[in-house]
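Subject: Structure for you to look over

Dear colleague,

I am passing on the structure we spoke about, and below it you will find my notes on what came out of going through it. Please read them with the structure open beside you.

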Amino acid sequence: MMVYHQPVLLKESVDFLVTDLGGTYIDATFGGGGHTRELLARISAGSRVFAFDVDENSETIANGLALRENRLHFVRDNFANLREVLQQKGISSINGALFDLGVSSHQFDYEPGFSYRREERLDLRMDRRLRVSAYDIVNTYDTERLADVFFKYGEEPRSRSLANAIVKQRAKGKFDTTIQLADLVNRICGHSVKSLSRIFQAIRIEVNGELQSLSDGLDAAINLLLRGGRIVVLTYHSLEDRIVKEKFKYESASCVCPPSSIICTCGKVARIKVITRKPVVPTAKEAIENRRSRSAKLRVAEKVV
Ligand SMILES: C[S@@+](CC[C@H](N)C(=O)[O-])C[C@H]1O[C@@H](n2cnc3c(N)ncnc32)[C@H](O)[C@@H]1O
């Protein structure tokens, strides 16, 4: 049987998340619902879970689950909008929020244009309602913008050469498929799987506005959390992890005055305390059993005001 997605650090993340058995929780990234199911199994009858995902396949799974689970409420929206969406539903506070970032195995293995191993039209949209796909980016961005995307989001050392080569090749005809792009990446970046992953990841981040959504989603969740409530975040690459780390650092600081200041004048208040000084990572057993868990980092913070 096809497994939609094998949840990562399942027990650990839900252990951290649940602080009130009758509470209101957010699963910001429903995917195949692995974390939501575990959460629902732990919390009591009066509790609620609001699950978000932009992917239509996740919506189908969630709607199926909601037929027999009235504590689950699914919203097909970007988690960056979670505050507005919950406000419309009359929810102004929550007991916990879980973010399990990136793509699901189903997206990577079966959804169009996600893998450089399958010949498909360039796409990479998690949300098929988005107007701009990888096809548009690769075929319309100028050299500067392409190089920026590859460098900022893929940390690819040959960003500029690749951007130049794409624009040059475009003069002869558009890039239609994943394999056409992969062939060029191989030629310019030296047949390295690392470069292929970096470039496809970079374009995916740009298409889906992933880093801005993450920053907005974390802000919204921290604002909504009740005192004692927790935010639990699973990241899969250094750019995501840096954003979470920096956000937690800033929100847990009680002063942001320059080091040269003799007295504090900033008036900053610490709104969270960091629970995981070092990120929790999968055990060797989990990393072997679920290869996609290998890069996972779990960070947790608790609201203190
Ligand atoms: C790693 S999977 C989550 C897997 C899930 N925890 C499970 O157990 O099945 C990430 C999911 O988040 C969704 N996603 C990514 N960014 C999103 C965003 N900004 N807003 C809503 N959903 C998002 C993706 O569509 C994908 O289904």
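Two strands are said to pair if DSSP finds at least two bridges between them. With that in mind, and bearing in mind throughout that this is a predicted model, I begin with strand S1 and the strands that pair with it.

Strand S1, residues 24-27, is joined by 4 bridges to strand S2, residues 48-52, and the two run parallel. Within this pairing, Tyr 25 has Val 49 of S2 as its bridge partner, while Asp 27 stands opposite Ala 51, also in S2. Between S1 and S2 the chain passes through helix H2, residues 34-42, and the resulting β-α-β crossover is right-handed. S1 also pairs in the parallel sense with strand S4, residues 94-100, over 3 bridges, and there Asp 27 stands opposite Leu 98.

Which residues of S1 lie on each side of the strand, and are they buried or exposed? Thr 24 and Ile 26 are on one side, Tyr 25 and Asp 27 are on the other, and all of them are buried, so that both faces of S1 are covered. This arrangement can be read against a general rule: in a regular strand the side chains alternate between the two faces of the sheet.

Strand S2 is mostly covered as well, with 4 of its 5 residues buried. S2 is joined in turn to strand S3, residues 72-75, by 4 bridges, and these two strands run parallel. Val 49, which is the bridge partner of Tyr 25 in S1, has Leu 72 as its bridge partner in S3. S2 and S3, together with helix H3 (residues 56-67), make a right-handed β-α-β unit.

The next part concerns the ligand, which may be of most use to you at the bench. The ligand is surrounded by 25 residues, and the closest of them are Gly 32, His 35, Asp 53, Asp 100 and Gln 107. Sorted by type, the residues of this shell divide into 8 nonpolar, 13 polar and 4 charged. Asp 100, listed among the closest residues, falls within the residue range of S4, and His 35, also among the closest, falls within that of helix H2.

Where do polar atoms of the protein approach the ligand? A nitrogen atom of the ligand is 2.8 Å from an N or O atom in the side chain of His 35, and an oxygen atom of the ligand is 2.9 Å from an N or O atom in the side chain of Gln 107. At Gly 34 the backbone is involved instead, with a polar backbone atom 3.1 Å from an oxygen atom of the ligand. Taken alone the ligand exposes 610 Å², and the protein buries 97% of that.

A further group of strands involves S5, S6 and S7. Strand S7, residues 297-303, has 6 of its 7 residues buried, and it is therefore largely enclosed by the rest of the structure. Strand S5, residues 225-235, is joined to S7 by 6 bridges and the two run antiparallel, with Thr 235 having Lys 297 as its bridge partner in S7. S6 and S7 are likewise antiparallel, with 3 bridges between them, and here Lys 273 stands opposite Glu 302 in S7.

Ile 275 is placed in the loop between strand S6 (272-274) and helix H13 (284-289). Ile 275 counts as partly exposed because its relative accessibility is 28%, which falls between the cut-offs of 20% for buried and 50% for exposed. Its C-alpha atom is separated by 9.7 Å from that of Val 232, although the two residues are 43 residues apart along the chain.

Finally, two loop residues deserve a look at their backbone angles. Leu 124, in the loop between helix H5 (105-110) and helix H6 (134-140), has a positive phi of about 70° although it is not a glycine. His 191, in the loop between helix H9 (178-189) and helix H10 (193-208), also has a positive phi, of about 45°, and is not a glycine either. Are these two residues buried or exposed? Leu 124 is buried, with a relative accessible area of 2%, whereas His 191 counts as exposed, at 65% relative accessibility.

With kind regards

Technical notes
Residues are numbered from 1 along each chain as its sequence is written. This is a predicted model: local features need pLDDT of at least 70, side-chain atom pairs count only at pLDDT 80 or more; totals for chains, interfaces and linings use all residues. Side-chain values use heavy atoms; hydrogens and water are left out. A residue is near a molecule or strand if one of its heavy atoms lies within 4 Å of it. A polar contact is a pair of N or O atoms within 3.5 Å; within protein, one must be able to donate a hydrogen and the other to accept it, and residues adjacent in sequence count only if both atoms are side-chain atoms. Accessible areas come from the Shrake-Rupley method with a 1.4 Å probe; for residues, only the protein chains shown count as cover. Ala, Val, Leu, Ile, Met, Phe, Trp, Tyr, Cys and Pro count as nonpolar, Asp, Glu, Lys and Arg as charged, and the others, Gly among them, as polar. Buried means under 20% relative accessible area, exposed over 50%, partly exposed in between (1.4 Å probe, protein chains only). A crossover is right-handed if, with the strands pointing away from the viewer, the path from the first strand over the helix to the second runs clockwise.
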